[in-house]
Amino acid sequence: MRYDTTLKDLLWQGAPALLRQLTGVAARKVLPSEFPETRARHPDFVAWLEDGRLFHLELQATAAADMPWRMLEYYTLISARHGHQPVTQCLLALSDRVAATLRDEIRHPTLRFTYTVESVERLDAAPLLASGRADDAVLAILCRADDIRRRTRE
(Lines give C-alpha, C1' and ligand atoms only; values in the text may rest on other atoms or scores of the structure.)
Protein backbone atom coordinates (compact mmCIF):
# COMPACT_ATOMS: atom_id res chain seq x y z
CA MET A 1 0.00 0.00 0.00
CA ARG A 2 1.53 3.33 -0.99
CA TYR A 3 0.00 5.14 2.02
CA ASP A 4 1.46 2.62 4.46
CA THR A 5 4.56 4.65 5.35
CA THR A 6 2.59 7.88 5.88
CA LEU A 7 0.02 6.14 8.07
CA LYS A 8 2.75 4.50 10.14
CA ASP A 9 4.44 7.88 10.61
CA LEU A 10 1.14 9.28 11.92
CA LEU A 11 0.78 6.36 14.33
CA TRP A 12 4.31 6.94 15.61
CA GLN A 13 3.20 10.44 16.62
CA GLY A 14 0.90 8.71 19.09
CA ALA A 15 -2.50 9.11 17.36
CA PRO A 16 -4.29 9.55 20.70
CA ALA A 17 -7.79 10.05 19.28
CA LEU A 18 -7.48 6.98 17.03
CA LEU A 19 -6.19 4.81 19.89
CA ARG A 20 -8.96 6.04 22.18
CA GLN A 21 -11.53 5.10 19.56
CA LEU A 22 -10.00 1.64 19.00
CA THR A 23 -9.02 0.75 22.56
CA GLY A 24 -10.70 3.22 24.89
CA VAL A 25 -7.39 4.73 26.06
CA ALA A 26 -4.34 6.56 24.66
CA ALA A 27 -0.84 5.11 24.38
CA ARG A 28 1.26 5.54 27.53
CA LYS A 29 4.43 4.75 25.56
CA VAL A 30 4.95 3.91 21.89
CA LEU A 31 7.13 0.81 21.62
CA PRO A 32 9.54 -0.23 18.87
CA SER A 33 7.75 -2.33 16.27
CA GLU A 34 10.71 -3.85 14.46
CA PHE A 35 12.00 -7.21 15.56
CA PRO A 36 15.10 -7.88 13.47
CA GLU A 37 16.42 -11.32 14.21
CA THR A 38 18.37 -13.94 12.42
CA ARG A 39 18.30 -17.36 14.00
CA ALA A 40 17.69 -20.87 12.87
CA ARG A 41 14.62 -22.61 14.24
CA HIS A 42 14.54 -26.38 14.02
CA PRO A 43 11.38 -28.21 15.00
CA ASP A 44 12.30 -31.78 15.94
CA PHE A 45 9.97 -33.57 13.50
CA VAL A 46 7.40 -32.45 10.91
CA ALA A 47 5.44 -34.75 8.57
CA TRP A 48 2.31 -35.05 6.49
CA LEU A 49 0.39 -37.97 7.98
CA GLU A 50 -1.44 -40.59 5.92
CA ASP A 51 -4.78 -39.11 7.05
CA GLY A 52 -3.82 -35.73 5.56
CA ARG A 53 -2.86 -33.93 8.78
CA LEU A 54 0.27 -31.82 9.11
CA PHE A 55 2.01 -33.08 12.27
CA HIS A 56 4.73 -31.59 14.45
CA LEU A 57 6.43 -33.60 17.21
CA GLU A 58 8.72 -31.85 19.65
CA LEU A 59 10.86 -33.79 22.14
CA GLN A 60 11.57 -32.31 25.56
CA ALA A 61 13.96 -33.70 28.18
CA THR A 62 13.72 -30.89 30.73
CA ALA A 63 11.10 -28.60 32.20
CA ALA A 64 10.89 -25.38 30.21
CA ALA A 65 8.52 -22.57 31.13
CA ASP A 66 8.70 -21.06 27.65
CA MET A 67 7.56 -24.22 25.80
CA PRO A 68 4.04 -22.96 25.02
CA TRP A 69 5.51 -19.92 23.30
CA ARG A 70 8.05 -22.02 21.44
CA MET A 71 5.29 -24.37 20.29
CA LEU A 72 3.27 -21.36 19.09
CA GLU A 73 6.29 -20.08 17.16
CA TYR A 74 6.80 -23.51 15.57
CA TYR A 75 3.09 -23.68 14.72
CA THR A 76 3.29 -20.35 12.94
CA LEU A 77 6.44 -21.25 11.01
CA ILE A 78 5.24 -24.74 9.99
CA SER A 79 1.75 -23.60 9.00
CA ALA A 80 3.06 -20.66 6.97
CA ARG A 81 5.54 -22.89 5.16
CA HIS A 82 2.73 -25.28 4.18
CA GLY A 83 0.02 -22.94 2.93
CA HIS A 84 -1.35 -22.00 6.36
CA GLN A 85 -2.65 -25.51 6.96
CA PRO A 86 -3.62 -26.45 10.53
CA VAL A 87 -0.86 -28.23 12.45
CA THR A 88 -1.44 -31.05 14.94
CA GLN A 89 1.24 -30.69 17.59
CA CYS A 90 2.53 -33.05 20.27
CA LEU A 91 5.18 -32.28 22.86
CA LEU A 92 6.71 -35.62 23.89
CA ALA A 93 8.40 -35.42 27.28
CA LEU A 94 11.09 -37.98 27.96
CA SER A 95 9.74 -38.66 31.46
CA ASP A 96 6.50 -38.46 33.43
CA ARG A 97 8.21 -36.02 35.80
CA VAL A 98 8.99 -33.59 32.97
CA ALA A 99 5.55 -34.07 31.36
CA ALA A 100 3.90 -33.07 34.64
CA THR A 101 5.69 -29.70 34.57
CA LEU A 102 4.94 -28.81 30.94
CA ARG A 103 1.95 -26.63 30.13
CA ASP A 104 -0.14 -27.54 27.08
CA GLU A 105 -1.69 -24.18 26.34
CA ILE A 106 -1.52 -20.41 26.23
CA ARG A 107 -4.59 -18.61 27.57
CA HIS A 108 -4.57 -14.88 27.12
CA PRO A 109 -7.58 -12.59 26.75
CA THR A 110 -6.99 -12.40 22.98
CA LEU A 111 -5.27 -15.74 22.33
CA ARG A 112 -6.11 -19.41 22.87
CA PHE A 113 -3.49 -21.92 21.79
CA THR A 114 -3.27 -25.62 22.71
CA TYR A 115 -1.31 -28.74 21.85
CA THR A 116 -0.88 -32.20 23.34
CA VAL A 117 1.72 -33.12 25.97
CA GLU A 118 2.57 -36.82 26.27
CA SER A 119 5.19 -38.73 28.21
CA VAL A 120 7.25 -41.39 26.46
CA GLU A 121 7.02 -43.38 29.70
CA ARG A 122 3.25 -43.70 29.21
CA LEU A 123 3.59 -45.13 25.70
CA ASP A 124 3.07 -48.84 25.04
CA ALA A 125 6.38 -50.37 23.99
CA ALA A 126 4.76 -53.43 22.35
CA PRO A 127 3.83 -51.76 19.00
CA LEU A 128 7.30 -50.27 18.80
CA LEU A 129 8.94 -53.64 19.36
CA ALA A 130 6.55 -55.37 16.96
CA SER A 131 7.32 -53.00 14.07
CA GLY A 132 10.59 -54.79 13.34
CA ARG A 133 12.40 -51.48 12.86
CA ALA A 134 15.57 -50.65 14.76
CA ASP A 135 14.53 -47.00 15.31
CA ASP A 136 11.25 -48.07 16.93
CA ALA A 137 13.04 -50.69 19.05
CA VAL A 138 15.48 -48.11 20.41
CA LEU A 139 12.59 -45.78 21.26
CA ALA A 140 10.81 -48.67 23.03
CA ILE A 141 13.62 -48.68 25.60
CA LEU A 142 12.41 -45.25 26.75
CA CYS A 143 8.90 -46.53 27.47
CA ARG A 144 8.05 -47.58 31.01
CA ALA A 145 8.96 -51.22 31.68
CA ASP A 146 8.61 -53.52 34.66
CA ASP A 147 11.78 -55.30 33.57
CA ILE A 148 14.13 -53.02 31.63
CA ARG A 149 16.66 -55.82 31.06
CA ARG A 150 14.01 -57.97 29.38
CA ARG A 151 12.83 -54.98 27.36
CA THR A 152 16.39 -54.29 26.18
CA ARG A 153 16.81 -57.93 25.09
CA GLU A 154 13.53 -57.74 23.19
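**Exercise 1. Work out how strand E1 is joined to strand E2, then place the pair in its sheet.**

Keep in mind that this is a predicted model.

Step 1. Start with the pairing: E1 and E2 (residues 54–60) run antiparallel, and 4 bridges hook them together.

Step 2. Pick a residue to anchor the register: Val46 sits opposite His56 in E2.

Step 3. Now zoom out. The strands line up as E1-E2-E3-E6 in an open sheet of 4, and the pairing is mixed.

Step 4. Check the edges. E1 (45–48) and E6 (116–119) each have a single partner strand, so one side of each has no neighbour in the sheet. Going from one strand to the next, the twist averages 25 degrees.

**Exercise 2. Find what helix H3 lies across.**

Step 1. Locate H3 at residues 67–81.

Step 2. Follow it over the sheet: H3 lies across E1, E2 and E3 (87–93), and its angle to E2 is about 150 degrees.

**Exercise 3. Decide whether Leu94 is buried, partly exposed or exposed, and say which patch it belongs to.**

Step 1. Find Leu94 in the loop between E3 and helix H4 (96–101).

Step 2. Apply the cut-offs: buried is under 20%, exposed is over 50%. Leu94 comes in at 37% relative accessibility, so it's partly exposed.

Step 3. Look at its company: Leu94 joins Leu59, Leu139 and Leu142 in a nonpolar surface patch, together offering about 320 Å² of accessible area.

**Exercise 4. Work out how many residues of helix H2 are buried.**

Step 1. Go through the 8 residues of H2 (residues 16–23): the number buried is 0, so the helix lies largely in the open.

Step 2. Carry on just past H2, where Gly24 takes a positive phi of about 95 degrees.

Methods:
Residues numbered from 1 in each chain as written. Predicted model: local features only at pLDDT ≥ 70, side-chain atom pairs only at ≥ 80, totals over all residues. Heavy atoms only, no water. Pairing = 2+ DSSP bridges. Helix = DSSP H or I, 4+ residues; strand = E, 2+ residues; numbered from the N terminus. Axes fitted to C-alpha atoms, helices over the stretch in contact; angles between N-to-C directions. Contact = heavy atoms within 4.5 Å. Patch = residues over 30% accessible without salt bridge, like charges linked within 9 Å, V, L, I, M, F, W, Y side chains within 5 Å. Areas by Shrake-Rupley, 256 points an atom, 1.4 Å probe, with all protein chains shown as cover. Salt bridge = Lys/Arg side-chain N within 4 Å of Asp/Glu carboxyl O. Buried < 20%, exposed > 50% of the residue type's maximum accessible area, 1.4 Å probe, protein only.
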